[in-house]
Amino acid sequence: MYYLNNHILKIAIAQKGAELQSIYNSETELEYMWSGDERFWRKKSPVLFPIVGGLKNNTYRYQNKDYVLPRHGFARDKEFTVTCQTTNSITFSLQDDAESWQVYPFHFRFSVIYQLNMNQVMVTYLVENTGKEPLYFSVGAHPAFSVPLVPDTEFSDFYLSFNEIETCGKWPLSKDGLLLNSPISFLENTNSLPLTKELFYNDAIVCKQLKSTTIAIISEKTNHGLKVSYDGFPYMGIWAAKNANFVCIEPWCGIADSIDAAGDITQKEGIHQLSANTQFTRSWSVQAF
């Protein structure tokens, strides 16, 4: 386990998956991350790469050959290497190898950078194409935050607060985790979403092109909460395991296949094409108050 701390926050990151494990605020004396209770969901903040969501039949096609990838890709189960560490930041990196080529025939270096600034954790994804051919990938976040956050409150005392008034649908998922063809009504001229356990009984809430660039988890019963900022991520997933005390706010640069997906990775919705010897970066952050 690796740690960063300043006079406000202490965070812990596991080398496996470069996965954030803890955000503890010494001023509020609160832990903001989900506990990882295996009865519900053992992960805390998996990193999604080189795909986000599931593939139709767990398969994609590239240059007339089929490859199999599990939902959300393989990075979350890989051992990263710490390639840089300072007093307020740490970089974890993953490179292609003979094992990855069996399921993902591309040359890459994928880095996850954690940085502390006062009561904010900044997370940056850096994708580098180290090969001679275009690199096709998606990347996304999956952090789970503890709800209720403070003692003597309940899950339903909290709500999500968007920084813009939203009118948008949500995209239903099939039993295989694929997007159905049409959205259904969801947010209607509002900037808040009350949290209930039932909200997630039919899997994740998946939205495309929200106007908002921040989502906060707050309550009228406490001054404590958190705010996730995610400019540059066109897709958003909001999820909790059934009856669990957490909410995931998931900024995505990528999305699951639709039920009608053709399978060609170069044509997949949400896929990015990165030219040789170039790089791609996106950052999101969480402010714990």
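This is a short tour of one sheet and one pocket in a predicted model.

**Stop 1: the whole sheet.** Select the strands β7, β8, β9, β10, β22, β18, β17, β14 and β15, in that order. These 9 strands form an open sheet, and their pairing is antiparallel. Strands of a sheet pair through backbone hydrogen bonds, either parallel or antiparallel.

**Stop 2: the edges.** Which strands are at the edges? Select residues 81-85 for β7 and 184-194 for β15. Each of these edge strands pairs on one side only. Now look at the twist: from one strand to the next, the average is 20°.

**Stop 3: β8 and β9.** Select residues 89-95 for β8, then 108-117 for β9. The two strands run antiparallel and are joined by 7 bridges. Show T91 in β8. Opposite T91, in β9, stands I113.

**Stop 4: β14 and its partners.** Move to β14, residues 158-170. Add β17, residues 214-219. Between β14 and β17 there are 5 bridges, and the strands run antiparallel. Pick L160; its bridge partner in β17 is I217. Next, turn to β15. How many bridges pair β14 with β15? The count is 7, again in the antiparallel sense. Show K170 and I184: K170 stands opposite I184, which lies in β15.

**Stop 5: the largest pocket.** Select R71, H72, H142, D203 and A204. Of the 19 residues lining the largest pocket, these are the closest to its centre. The space in this pocket is about 320 Å³. What classes of residue make up the lining? The lining has 9 nonpolar, 5 polar and 5 charged residues.

Definitions and conventions:
Residues are numbered from 1 along each chain as its sequence is written. This is a predicted model: local features need pLDDT of at least 70, side-chain atom pairs count only at pLDDT 80 or more; totals for chains, interfaces and linings use all residues. Side-chain values use heavy atoms; hydrogens and water are left out. Two strands pair if DSSP finds at least two bridges between them. Helices (H or I, at least four residues) and strands (E, at least two) are DSSP runs, numbered from the N terminus. Axes are lines fitted to C-alpha atoms, for helices over the stretch in contact, and angles run from 0 to 180 degrees between N-to-C directions. On a 1 Å grid over the protein atoms alone, a cavity is a set of points where a 1.4 Å probe fits but cannot get out, and a pocket is an open set with protein on both sides within 12 Å along at least five of seven lines; lining residues have an atom within 4 Å of a point. Grid points are joined across faces, edges and corners, and a volume is the space filled by probe spheres set on the points. Ala, Val, Leu, Ile, Met, Phe, Trp, Tyr, Cys and Pro count as nonpolar, Asp, Glu, Lys and Arg as charged, and the others, Gly among them, as polar.
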